[in-house]
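Q: I'm new to reading protein structures and would love a guided close look at the empty spaces inside this one. Could you also show me a few unusual spots in its loops?

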Amino acid sequence: MSIPLISYRVTQLLCLLPVILGVVGTVLPSFGYFPVAGFHNLNIDYYIILWQEPGFSTMVVATLISGCLATSIALLLTVTIFSVFYSTSYWKIWHSLLSPMLAFPHAAFALGMMFLVTPSGWYARFLASFTQELTSPPTWHTVHDAYGVTLGIALGLKELPFLILMTLSACNQVNISQLLKVGQSLGYHPVYVWLKIIWPQLLPQMRLPIIAVIAYSFSVVDIAQILGPTTPPTMAVAIMQWFGSEQLEHRLLGSAGAICLLLLTGLLMLGWLVLERLLIGKDSQWLTNGLRHRLRLGWQWLGHVSQWIVWGVWVTAIISIVLWAVSWRWRYPDILPSEYSLKIWSRYSDKLLTLLGTTWFLALGSAVIGLLLVLGLLEAKKAQQRYALSWLYLPLLIPQISFIFGFQWLLVSLNLDGTWGGVVWSHLIYVIPYICLALVGYFKHFDKRYLTVAVLLSGRPQYSYWRIKIAMLLRPVLFAIAVGVAVSVAQYLPTLFAGAGRVSTLTTEAVSLAQGADYRVTGVFALALLVVPLATYGCAFLIPYFIYRRFSMMRI
């Protein structure tokens, strides 16, 4: 058996086994079958208890609002940005900002948003500087609002870079420049060319990323704990609380809730597929109504306003994290701290260094292992077939909370619960698909003649593979490692369950500190959380530059 085929099988085992057994290990307890804890009778009692749970309907409503709002915001902003700014001077800015935005951990962005929109946050301080009525923090429900609106907005803004990246990948399958020329020759404004000609071809190729955004938005836990409703919380947070309860009946109740969330997410995915057909199907009248210019000014105005709002939120979120991390005294309604200090950093230095080392080790280890598996996977003959890698993205399409409980019991049975190996495995479930997404396009379009000539000249296939193919693809390979590191750093729920409280990272610590009252400590950990992914992305860009700065033809 060849190395690529071995890698293919190992990757299948690592990615599919936890999901399949995890779902089974969640379905059975939801029906009252949990032999380890003494429950042997199959029944639907826990679904009935779940339906009668106080606040259950509010949980469902908050989950629906936040998840639908997040997906809608991310998708509409992506459509608007590409339709208005593609091939303009602003597009270079978007392209250069994409990597830092992708590197930004979800928990850190949520903490930055919290610093902005709380009643005593930066936005309220800015308003207080223009009016005398806000001398004390207003009674706004901007954080932990009952319907999860703030949560949905934050999720939408954080998922925007991912959808932009996936759209760029989909654009490689469509001749954008030719379609723009043809559309404009028919009298269509470029915005309408995108809306009526290009996007109907891109949306089918964007189906998987959009469904992945839906799955994540409806099952997110870390951002929901920071910004989401609390009494009652979203379904994902409530399920996690039930799983963490000391009462075994609550764990079975959590299993029932996890399966309900899985079914709800599945229905919404089907809803998107139906909506997609309505939008770009043969009977879509808006595609053939002949409009060419009428609303172009409105779209352009919407694009510019949306762009500045997105950039404004991202920049102010970063600045607010930095300010809270170095502030010592910051009274309301002062816009800036009145006193700066690094005492908090000094006080928590030992803990920060320990967590930083743990986070870096887990992230880099997961990324390197994932990269090696993906490299072998992409070289396997089976991977060259159409839809051969569709199974790889299954973990992205199923809510984490719906199989993580069953996966934990798999780790317990293998004596991996609370170990570094178990945590790395839980991270690889998500690191491998994202690394594959980052590399599959480059490997697909690589000219194999380079490798053929190298093998003929050297007679050593393995040597030629690393010295020629990987050397030429060094930039995307390093970028894939950076993506893997960022994905690993962002893993909150897998670390929490697989680590069993014995393995802590900056992400788990930052989320737990978000519930505290000292924003200075939270700011310190939020800023430290940015170090690992941003430093990795920086190395991914600098290393190829220094290695190949004399070879302009190596810029792939």
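A: Here is a walk through the cavities and a pocket, followed by a surface patch and some special loop residues. Keep in mind that this is a predicted model.

Let's begin with the enclosed spaces. The structure holds 3 cavities of 30 Å³ or more, and the largest cavity has a volume of about 40 Å³. Which residues line the largest cavity? You can pick them out in the viewer: Phe115, Thr118, Ser120, Gly121, Trp122, Arg125, Ser320, Trp324, Trp330 and Tyr519. Two elements, helix H6 (122-128) and helix H14 (296-326), each give two or more residues to this lining. Sorted by class, the lining of the largest cavity has 5 nonpolar, 4 polar and 1 charged residues.

Now turn to an open space, the second largest pocket, with a volume of about 730 Å³. The pocket is lined by 29 residues, and the closest to its centre are Thr71, Ser72, Leu75, Leu76 and Val79. Several helices supply at least two residues each to the lining: helix H3 (56-85), helix H7 (149-171), H9, helix H10 (207-219), helix H13 (248-280) and H14. H3 gives the largest share, with 9 residues. By class, the lining of the second largest pocket has 24 nonpolar, 5 polar and no charged residues.

H9 also helps us find a single residue. His189 sits in the loop between helix H8 (176-185) and helix H9 (190-205). Is His189 buried or exposed? Its relative accessibility is 14%, so His189 counts as buried, because the cut-off for buried is under 20%. To get a feeling for distances, compare His189 with Lys343: they are 154 residues apart in sequence, and their C-alpha atoms are 57 Å apart in space.

Next, look at the outside. A nonpolar patch on the surface is formed by Ile20, Leu21, Val24, Leu28, Phe31, Tyr33, Leu42, Ile44 and Ile48, which together have about 770 Å² of accessible area. Helix H1 (residues 3-30) gives the largest share of this patch, 4 residues. Another member, Ile44, lies in the loop between H1 and helix H2 (45-52).

Finally, the loops hold some unusual backbone angles. As a rule, most residues other than glycine have a negative phi, and most peptide bonds are trans. With that in mind, where are the cis bonds described here? One is the peptide bond from Thr231 to Pro232, with omega near -5 degrees. Pro232 is in the loop between helix H11 (222-227) and helix H12 (235-243). Another cis peptide bond joins Tyr332 and Pro333, with omega about 10 degrees. Pro333 belongs to the loop between strand E1 (327-329) and strand E2 (339-340).

Positive phi values are worth a look too. Ser87 is not a glycine, yet its phi is positive, near 70 degrees. You will find Ser87 in the loop between H3 and helix H4 (89-103). Ser87 has 56% relative accessibility and therefore counts as exposed. Ala500 is not a glycine either, and has a positive phi of about 55 degrees. The place of Ala500 is the loop between helix H23 (493-499) and helix H24 (506-513). With a relative accessible area of 30%, Ala500 is partly exposed.

How values were computed. Residues are numbered from 1 along each chain as its sequence is written. This is a predicted model: local features need pLDDT of at least 70, side-chain atom pairs count only at pLDDT 80 or more; totals for chains, interfaces and linings use all residues. Side-chain values use heavy atoms; hydrogens and water are left out. Buried means under 20% relative accessible area, exposed over 50%, partly exposed in between (1.4 Å probe, protein chains only). On a 1 Å grid over the protein atoms alone, a cavity is a set of points where a 1.4 Å probe fits but cannot get out, and a pocket is an open set with protein on both sides within 12 Å along at least five of seven lines; lining residues have an atom within 4 Å of a point. Grid points are joined across faces, edges and corners, and a volume is the space filled by probe spheres set on the points. Ala, Val, Leu, Ile, Met, Phe, Trp, Tyr, Cys and Pro count as nonpolar, Asp, Glu, Lys and Arg as charged, and the others, Gly among them, as polar. Patches are made of residues with over 30% relative accessible area and no salt bridge: like charges are joined within 9 Å, nonpolar side chains (Val, Leu, Ile, Met, Phe, Trp, Tyr) within 5 Å. Accessible areas come from the Shrake-Rupley method with a 1.4 Å probe; for residues, only the protein chains shown count as cover. A salt bridge is a side-chain nitrogen of Lys or Arg within 4 Å of a carboxyl oxygen of Asp or Glu.
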